[in-house]
Amino acid sequence: MTLLQGTFRKVAALVATVSVAAAIAGCADGTPVTYSESTSGDVLRVQVGGEGYRDVLEFITNVKLAGDVKLELLDAPADANGQVVDGKADLAFYQTQPAFLGNQESNGHNTLSIVSRVDVAPYALYSSKFKDLEPTEDWVNSNLVADQITGTSLPHGSEVAVPQTKAGFARSLYLLQTVDLVKLDRGFGGLTIADLSVSEANILESQRHLAIRGLDFTEFAKDIYDNYDAVVLDPTTATSIGLVPARDALAIEPGPGNPYARVLVAPSRLAGDPRVSALAHALESKEVAQYLTTTYHGKFISAQVPFEP
């Protein structure tokens, strides 16, 4: 081999490594990951969560959306991230972004990185009494004049029941803001503790003069839905009382930019692995977005592609 040939091969290898690194880094905005080479023929062992996690990975495998990447799906235990750190598994796909970041901070798992923000289990606004959120002059619950209902739109003064948990209450307020029912002192998408725990104190304006009630939906979700003017429900609770988000919701949380995206996590030892790159791109694809739409009807939606019922 001549000196010139040897130099050329080294440059080509460097370019290939940098290209793979750039491809994976692009799957997770704001989460730069530098990858080196890894064996491409081995099976990736993935710690997976419950509904919606395993199904998506099985879909990708069945239609070869990630090419010939082979996956072994393992039920994620409580210490799934730790098992990935220890090398007992290769990837983790079972948690939301805030859960991962909190786990990382508390357990020092700083060798793990988000490589794909995949989907969202969106909160949604429902009403058993009103059909839409169109502008209206109608009022209820004013205590000054009699209720005035002339149409089917959510009226001013409506009582809106929302989950009383910190995360549920915050997500409900952001959802109401996305459809111009309230105005908060910050936009949706932040990941600081302050962003994830907004409360009524963060409301600057309630354009429809809503009365927001934090409630426990555990046992009485159906009664609350039937008796309040509107409710905000997580998709599991909504479907448990017969609601279909894509059909029944007046408004649904957005997928793109949602801080509660469910994430694929990889360790630094898989830096540069083309299998991880292929899987991450497949998870963020339009094909997966369509699979979620047709399979779950709004219960899970893509974190990358806007949801269209």
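These legends go with close-up views of a predicted model.

**View 1. Asn 258 in its loop.** Here we're looking at the stretch between strand 11 (251-252) and strand 12 (262-267), which is where Asn 258 lies. With a relative accessible area of 4%, Asn 258 is buried. Who's around it? Setting aside the neighbours within four places in sequence, Asn 258 is in contact with Gln 97, Val 120, Phe 188 and Glu 253.

**View 2. Arg 262 with Asp 119 and Tyr 53.** Arg 262 and Asp 119 join their side chains in a salt bridge, 2.9 Å from N to O. Arg 262 belongs to strand 12 and Asp 119 to strand 4 (residues 112-120), so this pair ties together parts that are 143 residues apart in sequence. Both Arg 262 and Asp 119 are buried. Arg 262 also has an aromatic partner: its charged end sits over the ring of Tyr 53, 3.7 Å from the ring's centre.

**View 3. The Glu 159 and Arg 213 salt bridge.** In this pair, the closest N and O atoms of Glu 159 and Arg 213 are 3.1 Å apart. It's another link between distant parts of the chain, with Glu 159 in strand 6 (residues 159-163) and Arg 213 in strand 9 (residues 211-215), 54 residues apart. Glu 159 is partly exposed, at a relative accessible area of 27%, and Arg 213 is partly exposed too, at 36%.

**View 4. A network around Arg 186.** Arg 186 meets Asp 185 in a salt bridge between their side chains, 3.0 Å from N to O. Arg 186 counts as partly exposed at 26% relative accessibility, as does Asp 185 at 39%. The story doesn't stop at two residues: salt bridges with shared partners bring Asp 185, Arg 186 and Asp 195 into one network. Across the model, the salt bridge count comes to 13.

**View 5. Aromatic pairs.** The model has four aromatic pairs, and two of them are shown here. Phe 59 and Tyr 291 are stacked, 4.4 Å centre to centre with 15° between the planes. Phe 59 sits in helix 2 (residues 53-62) and Tyr 291 in helix 11 (residues 286-296), so far along the chain that 232 residues separate them. Tyr 291 counts as buried, at 16% relative accessibility. Tyr 296 and Phe 300, in contrast, go edge-to-face: 4.8 Å centre to centre, with 90° between the planes. Tyr 296 is buried at 10% relative accessibility, and Phe 300 is buried at 5%.

**View 6. Arg 171 over Tyr 260.** Arg 171 lies over the face of Tyr 260, 4.2 Å from the ring centre.

Definitions and conventions: Residues are numbered from 1 along each chain as its sequence is written. This is a predicted model: local features need pLDDT of at least 70, side-chain atom pairs count only at pLDDT 80 or more; totals for chains, interfaces and linings use all residues. Side-chain values use heavy atoms; hydrogens and water are left out. Helices (H or I, at least four residues) and strands (E, at least two) are DSSP runs, numbered from the N terminus. Buried means under 20% relative accessible area, exposed over 50%, partly exposed in between (1.4 Å probe, protein chains only). Contact means heavy atoms within 4.5 Å. A salt bridge is a side-chain nitrogen of Lys or Arg within 4 Å of a carboxyl oxygen of Asp or Glu. Rings of Phe, Tyr and Trp (its six-membered ring) pair if their centres lie within 6.5 Å; planes under 30 degrees apart count as stacked, over 60 as edge-to-face and the rest as tilted. A charge sits over a ring if NZ of Lys or CZ of Arg is within 6 Å of the ring centre and within 35 degrees of the ring normal.
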